[in-house]
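Please consider the following model with attention to how its helices are arranged and how they touch. The sequence and the coordinates should be read side by side.

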Amino acid sequence: MNVNPRLRTAQKRRTRKAIVDAAIALLASGKTPTVNDVAAAADVSRRTVYLYFPSFDQLLLDATVGALSQASVDRAIEQASDDGEARVEHLVRALHHVSPEVERLGRSLIRLTVDTNGAPIEQGVPRRGYRRIEWIEQALSPFRERLDPERWSQLVRALAMVIGWEALIVQRDVCGLSGAEGEDLSVWAANALVRAALEDERRAGPAASRG
């Protein structure tokens with residue numbers, strides 16, 4: 001039986017989230033967890049943990065960065081109420097307001113993600129970033145009913161390219177921008193993408209399917 005690729009990706013995203021959330025909870029309790037601890041808390045096998053995280057260090061880094069960022073980002077998004085563009089801007093600015101230590105952890109997380117140690121990369125299955133995608137979807141929620149499902153997905157993916165660690169590193173290392181300049185650039189790019197998606201939807205008119 002063929003499984004819808006989107007449903008399969010969503011299931012993998014939920015499993016990855018369960019693993020990271022379990023690690024976050026264990027770290028928050030003051031414990032330094034083992035692979036067995038995380039697997040038991042997430043109700044998965046050790047093998048499943050390593051399928052999603054080739055090294056346990058990568059999992060612990062992902063969990064640590066998430067624990068340090070989650071509350072402040074959620075709070076920033078919700079401060080904008082139901083104003084979609086403002087919610088996206090608040091998300092961008094919150095992700096830029098990180099301490100040097102958190103930025104160092106983010107860079108290490110990218111390095112561990114890129115270094116697969118020869119392990120094959122499964123086509124179409126994200127290896128990182130579920131938290132970023134959830135934040136973007138949360139920020140864009142006021143637009144969900146206004147956009148065609150395909151256009152919605154396209155906008156989420158496009159914003160993922162201009163929000164987060166990779167964008168921050170390009171701004172710092174490639175463009176030589178200051179923190180404030182990089183933040184303003186990401187806000188500009190995110191706003192441009194949101195407005196372009198809304199304009200495309202307007203031009204498509206009532207013929208666009210809402211699925």
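The paragraphs below treat confidence, then a salt bridge, then three helix pairs.

The model is predicted, and its confidence therefore deserves a look before its geometry. The chain has an average pLDDT of 82, and 85% of the residues reach at least 70. Among the elements of the chain, the lowest mean pLDDT, 75, belongs to helix H6 (residues 100–114), whereas the highest, 94, belongs to helix H10 (residues 179–204).

The structure contains 16 salt bridges. One of them joins Arg16 to Asp62, with 3.7 Å between the closest N and O atoms. Arg16 is part of helix H1 (residues 5–28) and Asp62 is part of helix H4 (residues 56–78), so this pair ties together parts that are 46 residues apart in sequence.

Helix H4 also takes part in a helix pair. With helix H5 (residues 84–96), H4 packs at an angle of about 155 degrees, the two axes being 8 Å apart. Because angles over 145 degrees count as roughly antiparallel, H4 and H5 are described as roughly antiparallel to each other. Their crossing is right-handed. On the H4 side the contact involves Val73, Ala76, Ile77 and Glu78, and on the H5 side Arg87, His90, Leu91, Ala94 and Leu95. Sorted by class, the residues of this contact are six nonpolar, one polar and two charged.

Further along the chain, helix H7 (residues 130–140) packs against helix H8 (residues 149–162) at an angle of about 125 degrees, and their axes are 10 Å apart. This angle makes H7 oblique to H8. The crossing of H7 and H8 is right-handed. Arg132, Ile133, Ile136, Glu137 and Leu140 are the residues of H7 that meet H8, where their partners are Trp152, Leu155, Val156, Leu159 and Ala160. The contact of H7 with H8 comprises eight nonpolar and two charged residues, with no polar ones.

The last pair is formed by helix H9 (residues 165–174) and H10, whose axes come within 10 Å and cross at roughly 130 degrees. H9 is thereby oblique to H10. H9 passes H10 in a right-handed crossing. From H9, the residues Ala167, Gln171 and Arg172 make the contact, and from H10, Gly179, Gly182, Glu183, Leu185 and Ser186 do so. What is the make-up by class of the contact of H9 with H10? The contact of H9 with H10 has two nonpolar, four polar and two charged residues.

The three contacts may finally be set side by side by class. The contact of H4 with H5 has six nonpolar residues, that of H7 with H8 has eight, and that of H9 with H10 has two.

Methods: Residues numbered from 1 in each chain as written. Predicted model: local features only at pLDDT ≥ 70, side-chain atom pairs only at ≥ 80, totals over all residues. Heavy atoms only, no water. Axes fitted to C-alpha atoms, helices over the stretch in contact; angles between N-to-C directions. Helix = DSSP H or I, 4+ residues; strand = E, 2+ residues; numbered from the N terminus. Parallel < 35°, antiparallel > 145°, perpendicular 65-115°, else oblique. Left-handed = near helix turned anticlockwise from the far one by under 90°. Contact = heavy atoms within 4.5 Å. Nonpolar A, V, L, I, M, F, W, Y, C, P; charged D, E, K, R; others polar. pLDDT = per-residue confidence, 0-100. Salt bridge = Lys/Arg side-chain N within 4 Å of Asp/Glu carboxyl O.
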